[in-house]
Structure formats: structure tokens, C-alpha cells
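Q: Could you walk me through this structure? I have not looked at it before.

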Amino acid sequence: MNITKFVSTNIYLIMTLFICAISYIYVVNGLKCHNVLGIYSIGIEGIVSYSVYVVLLSVCKEGMTRHKPSARKPVVPEYTDKKPKPIRIEERNVLPVQEINIKEKERQEVVTQCKEYVRRVVVQYFPEELMPQLLHLVEEYANGVIRCTPIMIGINDTKGLRPIDFYHLIWNLWTRWNALDRRASCRFIKNAFPMILENTGEETIYRKMNDTYAKCTIENIPKDEPLVT
């Protein structure tokens, strides 16, 4: 409670008591009325006095609010000769649509070449019904799917293949495009043939997955030569 309200409240109480006392004395002694009327007059004077007090207090508050200086500084527009700075737009390395289409076309050509290689060279060492699965592996490798769909076949169910032949197979695919790096390609071929490469570590595949052109059933084909002639 501020000092103004405190002082005005005390003055109101004193004046109200004074007026009520005068009203009671005047009604009882001056007008010779009953004491009950004197008490009623005290209530009436109290109500009138409180109403006047409320009105005066509202007027005082309105006057103080109207003349109270604003705490906010006036906004003064600044006029300068400086030109606004241009909005910088971050440039992104976005390939043109034509270039994207060319890259996708080249990718599809490599996928087609690898599928033809599997169809004409690799499949002959597997049961004939596994051809769709082998071709699907090429699609998964092209899309970078390391956890590919496994082909559940043992080494004895192939026609003379050895684990090294599978190292050469993945090497031939890896050197044709960069869908997966060399390490990921090792994990891919191990996931693709889990029964055949069950006892072969990833490091062994990585070490022997190279350009050593040993005489094997599935041979390494130099990356600058076509897979199928």
C-alpha cells in the first residue's frame, strides 16, 4: 500500500466517524427522534461517505496515470545514407537434373552389366533355381544394402567353388562402382553367403579381396576390362 492511499484511507475513516456522530446527535437531540432512527442515520451517512471516497480515489488514480511519464523511449526513425545489406543466400552444391540423369543412366548400365555377368558366368556354379536370388543380390549391392538377403547354401552344393571364388566375385562387383567401400563389401559377401563363409573372418576376406589374378573357378577381372565379352 502506497503512502497516498494510506493517508486518504485514514482521513476517510476519521471524517466518516465525525459525520456519523454529528448525524446521530442531530437526529436524536435536534429532531427529537428515536435512537433507532439515529442508528439508521449512521448507516446512511456511512454509505454516502464510502461512495464519495470511492469516486474521489478513482479520480485521483486516473489523474496520476494520465500524467505519469512513459518509461519507454520514443521511437525515432533513423535516416541514414547507408544502403541495406543484401540478403545472403547460401549456395548449395546441387547437381543439375541433366547431370543426375546421366549418373543414374551410368549406374543402371553398370547394374545391367553385373547382372549379365552373374547370369552368364556365376550362376552356372549354383543350382538353377537360385538365379533370381543371385540377381537380387546385385540389386542390393547396387543400393548399398549391407544386410542383404542371405542365400542359404553350403559349399558342397556348388559346382566346385571355394571361398576364394567368392572373394573374387565381390571384388569384381566392388571395382565396377562405389556403392559400398571395400570393408563394407567384405561384410556384404559374408552376409550374402553365411553358410559358405561361416568360418571365414572379415579380415581374411579383406586381405584376399585384391587384384591378385590367381587361377580360380571365378577369376578376378581387371576393372578396366568388361565383365562379359
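**Aromatic cluster and its surroundings**

A: A starting point is the aromatic cluster that Phe-126, Phe-166 and Phe-193 form together. The rings of Phe, Tyr and Trp (its six-membered ring) pair if their centres lie within 6.5 Å; planes under 30 degrees apart count as stacked, over 60 as edge-to-face and the rest as tilted.

Q: Before we go on, what kind of model is this?
A: This is a predicted model, in which local features need pLDDT of at least 70, side-chain atom pairs count only at pLDDT 80 or more, and totals for chains, interfaces and linings use all residues. Residues are numbered from 1 along each chain as its sequence is written, and side-chain values use heavy atoms, with hydrogens and water left out.

Q: How many aromatic pairs are there?
A: By the ring rule, the count comes to five aromatic pairs. In one of them, the ring centres of Phe-126 and Phe-166 are 6.1 Å apart and the planes stand at 85 degrees, so the pair is edge-to-face. Phe-126 lies in the loop between α3 and α4 whereas Phe-166 belongs to helix α5, so this pair ties together parts that are 40 residues apart in sequence. Helices here are DSSP runs (H or I, at least four residues), as strands are (E, at least two), and they are numbered from the N terminus.

Q: Are those two rings buried or exposed?
A: Phe-126 counts as buried at 2% relative accessibility, and Phe-166 counts as buried at 1%. Buried means under 20% relative accessible area, exposed over 50%, and partly exposed in between (1.4 Å probe, protein chains only).

Q: Which way do the rings of Tyr-141 and Phe-188 pair?
A: The centres of the Tyr-141 and Phe-188 rings are 5.0 Å apart with planes at 65 degrees, so this pair is edge-to-face. It links distant parts of the chain, with Tyr-141 in helix α4 and Phe-188 in helix α6, 47 residues apart. Tyr-141 is buried with a relative accessible area of 0%, and Phe-188 is buried with 2%.

Q: And what does Phe-193 touch?
A: Not counting residues up to four places away in sequence, Phe-193 touches Phe-126, Leu-134, Leu-137, Ile-151, Ile-153, Phe-166 and Leu-169. Contact means heavy atoms within 4.5 Å.

Q: Which residues touch the most others in the largest nonpolar core?
A: That core has 42 residues, and Tyr-117, Phe-126 and Phe-193 touch the most other members. The elements giving two or more residues to this core are α3 (97-122), α4 (131-142), α5 (163-174) and α6 (182-192). A nonpolar core is a set of buried Ala, Val, Leu, Ile, Met, Phe, Trp, Tyr and Cys residues joined through side-chain atoms within 4.5 Å.

Q: Where is Leu-169?
A: Leu-169 sits in helix α5 and counts as buried at 7% relative accessibility. Leaving aside neighbours within four places in sequence, Leu-169 contacts Tyr-117, Val-122, Ile-189, Phe-193 and Ile-218. Leu-169 and Val-122 are 47 residues apart in sequence, and their C-alpha atoms are 8.3 Å apart in space.

Q: What about α3: which of its residues are buried?
A: In α3, Val-110, Val-111, Cys-114, Tyr-117, Val-118 and Val-122 are buried, and the buried residues of this helix pack against α4 and α5. The 26 residues of α3 should span 38 Å at 1.5 Å a residue, and the end C-alpha atoms are 36 Å apart, which agrees. The expected span is 1.5 Å times one less than the number of residues in the helix.

Q: Then which elements cover the buried residues of α4?
A: The cover includes α3, α5 and α6. The buried residues of α4 are Leu-134, Leu-135, Leu-137, Val-138, Glu-140, Tyr-141 and Ala-142. Just after α4, Gly-144 takes a positive phi of about 75 degrees.

Q: Changing topic, where is Thr-158?
A: Thr-158 is in the loop between α4 and α5, and is buried with a relative accessible area of 9%. Apart from neighbours within four places in sequence, Thr-158 is in contact with Tyr-125, Phe-126, Ile-153 and Ile-196.

Q: Finally, how many helices and strands does the chain have?
A: The chain has seven helices and zero strands. Buried residues make up 29% of its 229 residues.
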